[in-house]
Amino acid sequence: MKRWGWWVAGAVVVVGLVAGVVWGIQRANTFEALARAGKVDAKAALHSLEVEQVPAARASFLKAKDEFSQARALLGPDWVRGLPWLGHQVTVAESLATIGLEGSSAGAEMAQLLESADAASGGDRVNQILKVSRPHLEAALVSLTTVARLSTDLSTDGLVPQLATAVIELQIQLKPLAPLLQRSQSLLDLQRYLFSQQHRLLVVSQNSAELRPTGGFIGTYGLVEFGPDGFNLTKFTDVYTLPRDTLDLPLPIRGVSFTHFAFRDSNWWIDFPTSAKVMSQFWQNLKQPRIDGIVAIDIPVIRDLLKIYGPITVPESSLPLTSDNVLEQLTYVIEYENGGPGTNQTLKKKAAVISFAAKLLREITHLSNDQFLPTMSALATSTNEKHVQLSFTDPTAQTAVVDLGWGGAIAPPADTTDLLAVSNAVIKASKANIGVTKSLDYTVALQADGTADTTAELGYKKSKLLLLGVPRQWMGNSVRVHRAAGTTEVAAGSTPFETVEDATGLPTFEYYFRLYPASQERLVLHSSVPQALRPADGATWRYQLLVIKQADLVDTAATVTVTVPNGWTVSGSSASFRVSGTAVKTTSSPGSVTVKTPLKQDLLLDVTLIKA
């Protein structure tokens with residue numbers, strides 16, 4: 001009887017296992033069907049967003065969210081995840097379903113936000129939108145941080161073919177979103193800070209015609225209240241209306257005729273956190289209202305907004321201001337029509353700028369439904385390209401904007417082996433940067449001992465354009481070239497740059513020259529980088545370059561050429577813009593890599609090589 005009992009028990013176990021497998025297969029098939037349906041609906045939602053069918057997008061996202069949720073519910077109890085082999089399959093399947101669910105949830109929240117934006121009306125639409133946006137932004141960003149966390153750990157190792165294929169497909173789909181997902185936690189931190197309470201921000205308006213390291217001369221400034229109650233411009237005026245400066249700082253500029261260093265000159269460092277720190281010191285010493293942060297804007301962002309809002313008329317200008325003429329026309333009004341010596345001229349000279357700022361702000365706050373997305377897109381692009389730069393006194397918010405690439409910080413990644421940042425500054429009062437184009441040709445000869453012999457060739461060309469009322473038609477340009485730690489100048493064949501100490505702490509080389517109308521200038525800096533080439537793994541070595549962009553009227557035309565040592569071969573190369581992650585084309589051969597692009601953002605170049 002005992003033997004018979006064992007046979008019965010064994011049969012029951014076998015039948016149970018077979019039934020479990022059949023049940024599992026049935027559930028797996030249902031899971032796969034639901035997951036595929038969710039994928040189809042999520043794709044349809046994205047298409048609806050592209051064609052601006054927001055309600056349809058939201059409906060599809062919600063349907064996809066429900067399908068991914070049902071799929072995840074099929075995966076059984078938690079103890080299954082602890083089983084050998086099977087537990088791994090279930091865990092990965094759960095991650096895939098959760099990524100689909102959270103991604104669809106984020107899409108639904110953003111679609112709901114867009115619907116709320118469409119429903120807002122009246123003369124204060126932007127503030128209405130801001131007041132309802134917080135919960136949707138919060139929920140969407142929380143979902144994206146989950147997607148980022150789960151997708152980072154996904155691997156095809158040990159998976160059945162269906163799951164492995166699903167993982168590969170997901171990784172391909174998420175690749176364009178990598179920069180967003182990598183920074184989702186920083187976006188969440190910044191959103192939580194901005195909407196935690198009302199904040200007072202100092203806005204400095206930089207005139208790119210009189211170029212300075214962070215984008216232009218600070219000619220006007222304003223105070224903005226921003227937070228969960230919306231935003232409000234409480235002040236906008238000429239920078240010369242500030243009290244006399246009281247900050248005792250050494251002049252950062254060599255060979256300059258003036259003997260003071262004023263608030264309007266405090267954006268002297270291309271590293272925006274360094275400049276913002278000095279601005280804040282000035283602001284406090286001048287006993288101005290407490291601020292929570294600084295926002296710097298320049299002419300290109302104004303041009304982009306004017307493309308959306310059309311011509312703006314102000315009483316001080318005989319011509320409407322458009323994206324094509326705003327800089328030249330305001331310069332004409334300020335310098336020629338209203339120009340002249342004496343302190344009584346100060347407010348009169350800038351009256352056109354102040355009137356224009358007030359009207360542009362009104363256009364933004366009253367934006368129509370069809371202007372909402374273009375405005376958000378223009379501001380995002382301008383921020384990515386340093387035409388809007390942010391700094392906050394709150395450490396978490398400041399860390400977030402630097403991580404997002406919106407803080408104008410040099411901040412090289414930890415694995416960077418070479419750095420090049422060129423900063424131009426007009427230091428003889430003039431609007432002479434109008435009509436100037438710039439180029440950067442950087443040649444890197446990697447050596448077998450890991451060093452690099454480099455040549456930076458800087459080109460400047462000025463048109464023959466003459467501006468009425470402008471006191472100087474030539475550009476007095478102070479150039480600073482910042483390099484990677486340990487980099488030294490090789491004087492032979494170089495323009496006579498001078499080695500200077502700089503607040504960034506980087507090796508810095510400075511040179512001053514004048515650029516006249518219808519002329520051009522060429523500067524050359526030879527230097528040696530001590531550890532440009534570093535071992536990666538096995539026989540592979542890497543050279544990783546960061547080229548810093550300076551905000552300017554026209555993007556610098558940049559060319560980088562890297563050659564490898566004799567006996568070495570290029571095994572791979574890639575280049576991308578640092579903030580957006582947009583790939584930049586590289587051309588490679590066994591012995592060299594070249595990248596050529598307008599410097600729209602900071603540029604990252606990664607070259608791998610092996611000994612032949």
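**Entry 1: a helix pair**

I looked up helices α9 and α10 and noted that they are roughly perpendicular to each other, because angles of 65 to 115 degrees count as such. The model I consulted is a predicted one. For this pair I recorded a packing angle of about 115° and axes 10 Å apart. Helix α9 covers residues 299–309, and helix α10 covers residues 326–337.

I then listed the residues that make the contact. Helix α9 contributes Ile299, Ile302, Arg303 and Leu306, while α10 contributes Val326, Leu327 and Glu328. Sorted by class, the contact has five nonpolar and two charged residues, and no polar ones.

**Entry 2: the second largest pocket**

I next examined the second largest pocket, for which I noted a volume of about 720 Å³. Its lining consists of 35 residues. Those nearest the centre of the pocket are Arg183, Ser576, Phe577, Arg578 and Leu604.

I asked which elements give two or more residues to this lining. They are the helices α6 (178–182) and α13 (395–404), together with the strands β15 (540–548), β17 (568–577) and β21 (603–611). Strand β17 gives the most, with four residues. By class, I counted 18 nonpolar, nine polar and eight charged residues in the lining of this pocket.

**Entry 3: proline 55**

Finally, I located proline 55 in helix α2, which spans residues 54–73. Is proline 55 buried or exposed? Its relative accessible area is 53%, and exposed means over 50%, so I entered proline 55 as exposed. I also noted that the C-alpha atoms of proline 55 and leucine 546 are separated by 42 Å. Along the chain, these two residues are 491 residues apart.

Technical notes: Residues are numbered from 1 along each chain as its sequence is written. This is a predicted model: local features need pLDDT of at least 70, side-chain atom pairs count only at pLDDT 80 or more; totals for chains, interfaces and linings use all residues. Side-chain values use heavy atoms; hydrogens and water are left out. Axes are lines fitted to C-alpha atoms, for helices over the stretch in contact, and angles run from 0 to 180 degrees between N-to-C directions. Angles under 35 degrees count as roughly parallel, over 145 as roughly antiparallel, 65 to 115 as roughly perpendicular and the rest as oblique. Contact means heavy atoms within 4.5 Å. Ala, Val, Leu, Ile, Met, Phe, Trp, Tyr, Cys and Pro count as nonpolar, Asp, Glu, Lys and Arg as charged, and the others, Gly among them, as polar. On a 1 Å grid over the protein atoms alone, a cavity is a set of points where a 1.4 Å probe fits but cannot get out, and a pocket is an open set with protein on both sides within 12 Å along at least five of seven lines; lining residues have an atom within 4 Å of a point. Grid points are joined across faces, edges and corners, and a volume is the space filled by probe spheres set on the points. Buried means under 20% relative accessible area, exposed over 50%, partly exposed in between (1.4 Å probe, protein chains only).
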